[in-house]
Amino acid sequence: MPLSGLEIYKLLPKTNCKECGFPTCLAFAMKLAAKQAELTACPYVSEEAKAALAAAAAPPIRLIAISSDGRKIEVGNETVMFRHEKTFYHEPGLLVRVKDTQPLEEFKDTVTKAANYSVERVGMELTVSGFAVENASGDPAVFAERVETVKAIANLPLVLISKNPAALEAAIAKLDGSVPLLYAADEDNWQAMAELAEKHGFPLAVRGEGDLAALANLVEQVKNAGVEDIVLDPGTRSPVDTLISLTQIRRLALKKNFRLLGYPVITFPGEGAASEAEEVALAAQHIAKYAGFIVLDHFDPATMYPLLTLRLNIYTDPQKPIQMEPGIYEFGDPTPESPLLTTTNFSLTYFSVAGEVENAGVPAWLLVCDSEGMSVLTAWAAGNFDAEVIAKMVKQFNVADKISHRKIVIPGLVAVISGELEEELPGWEVLVGPREAVDIPAYLKLWQN
Ligand code: SF4
């Protein structure tokens with residue numbers, strides 16, 4: 001929990017010597033609290049005060065990263081319980097679990113399909129984040145071979161699952177510069193696991209059995225053994241127990257500054273589900289509250305797509321909608337006679353409209369107005385997509401130089417501005433297009449006729 005200016009002030013020398021560049025210690029403390037000054041500017045801060053201030057400056061949930069060949073999953077560093085309070089920063093990794101007991105061809109097939117899966121949404125490429133390879137056979141050599149197989153196919157970040165430190169060591173030898181998450185230290189093996197994680201500098205998952213106090217004790221032991229990068233598995237699996245434990249962990253970290261649970265969480269929705277559909281529902285719950293790594297037991301494009309979309313939605317800053325660059329966009333080699341449509345620069349709106357203009361197969365121009373990333377009706381209500389704004393965009397992007405006619409199609413939802421827009425654009429005819437993007441192809445075909 002960050003300290004207030006007054007709390008920082010109490011830790012300063014209070015001599016008002018001005019050497020820090022501020023007239024008083026209090027002024028300096030206020031700037032420190034606002035992160036507009038560095039503590040090093042004061043030469044007289046005691047070691048105790050430095051330690052207290054450094055601890056207060058540490059994030060309540062530690063940032064943990066795993067990586068492979070430039071692909072990285074970073075989780076943690078969250079600062080709020082609810083997305084609407086500010087934003088969620090680091091989206092959870094969605095990983096697919098494969099086991100070293102699966103027949104080799106089936107194993108390779110799952111990895112290949114999941115690794116090659118990619119879908120575009122609002123101009124962004126969404127993919128599977130990585131794999132969790134489990135040493136179900138108990139054989140270190142088989143485990144190492146399968147990890148090597150995954151690396152050869154996918155080279156994505158990995159979670160290595162084994163209770164046996166020797167098996168993890170054998171698999172680590174195949175990694176070649178990657179940073180995996182080691183899963184997991186428990187009451188029985190934590191010393192050897194901590195030693196292994198510390199030796200390689202890898203993050204280590206610590207698994208409890210549903211009791212958060214016992215989990216915190218285990219974390220403390222692992223920390224004392226020298227491991228800094230920790231991921232929590234509270235050991236709960238049912239929907240209700242997992243929701244409770246993940247919420248308690250987040251609350252304790254953020255509201256109570258309880259450092260021993262100030263780490264990201266790993267979940268296994270398949271272990272609490274009776275079916276594949278239930279696994280997806282649980283994974284969705286974990287995306288919303290509050291997983292860092294989500295290990296799925298099934299890969300199916302039909303269920304991966306909604307999970308990736310949900311994750312994108314939850315982890316988009318609500319104050320900064322994904323926006324398109326304003327401008328005039330071309331579809332299918334438009335000519336000066338081609339229709340001109342207009343819409344806002346909210347990416348979801350743009351891609352809905354763009355997709356339907358493409359579907360129409362009619363060459364067209366699309367004027368994307370700067371609506372501060374709002375959708376059509378919201379932007380209109382906020383004054384960001386009114387006649388004045390559209391007319392300004394027509395002029396700013398020299399639209400009249402590109403087309404020979406003087407007709408502009410506005411979304412049906414803002415039909416009410418057509419008269420005003422004709423006043424703003426003398427000599428232009430304003431046409432009211434469909435209310436829904438899905439009706440654009442039929443509308444454009446009429447235009448063609
Ligand atoms: Fe206070 Fe330190 Fe600034 Fe001097 S240098 S005014 S002691 S904060």
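On a 1 Å grid over the protein atoms alone, a cavity is a set of points where a 1.4 Å probe fits but cannot get out, and its lining residues have an atom within 4 Å of a point. Grid points are joined across faces, edges and corners, and a volume is the space filled by probe spheres set on the points. The structure described here is a predicted model, in which local features need pLDDT of at least 70 and side-chain atom pairs count only at pLDDT 80 or more, while totals for chains, interfaces and linings use all residues. Residues are numbered from 1 along each chain as its sequence is written, and side-chain values use heavy atoms, without hydrogens and water.

**Cavities**

The model holds four cavities of 30 Å³ or more. The largest cavity encloses about 120 Å³. It is lined by 15 residues, of which Ile-61, Arg-250, Pro-264, Val-265 and Tyr-290 are the closest to its centre. The second largest cavity encloses about 80 Å³. Its lining has 14 residues, and those closest to its centre are Thr-15, Cys-17, Cys-20, Cys-25 and Cys-42.

For the classes of lining residue, Ala, Val, Leu, Ile, Met, Phe, Trp, Tyr, Cys and Pro count as nonpolar, Asp, Glu, Lys and Arg as charged, and the others, Gly among them, as polar. By these classes, the largest cavity is lined by ten nonpolar, three polar and two charged residues, and the second largest cavity by ten nonpolar, three polar and one charged.

**Salt bridges**

Side chains of opposite charge can pair when their charged atoms come close. A salt bridge is counted where a side-chain nitrogen of Lys or Arg lies within 4 Å of a carboxyl oxygen of Asp or Glu. The model has 14 salt bridges, and three of them are listed below.

| Acidic residue | Basic residue | N to O distance |
|---|---|---|
| Asp-229 | Arg-62 | 2.7 Å |
| Asp-109 | Lys-113 | 3.0 Å |
| Asp-233 | Arg-237 | 2.9 Å |

Asp-229 and Arg-62 lie 167 residues apart, and their pair links distant parts of the chain. Residues are classed as buried (under 20% relative accessible area), exposed (over 50%) or partly exposed (in between), with a 1.4 Å probe and protein chains only. Asp-229 is partly exposed at 23%, and Arg-62 is also partly exposed, at 32%.

Asp-233 is buried, with a relative accessible area of 0%, and its partner Arg-237 is buried at 14%. Both residues belong to a network of salt bridges that also links Arg-97, Glu-134, Glu-271 and Asp-297.

Notes
On a 1 Å grid over the protein atoms alone, a cavity is a set of points where a 1.4 Å probe fits but cannot get out, and a pocket is an open set with protein on both sides within 12 Å along at least five of seven lines; lining residues have an atom within 4 Å of a point. Helices (H or I, at least four residues) and strands (E, at least two) are DSSP runs, numbered from the N terminus.
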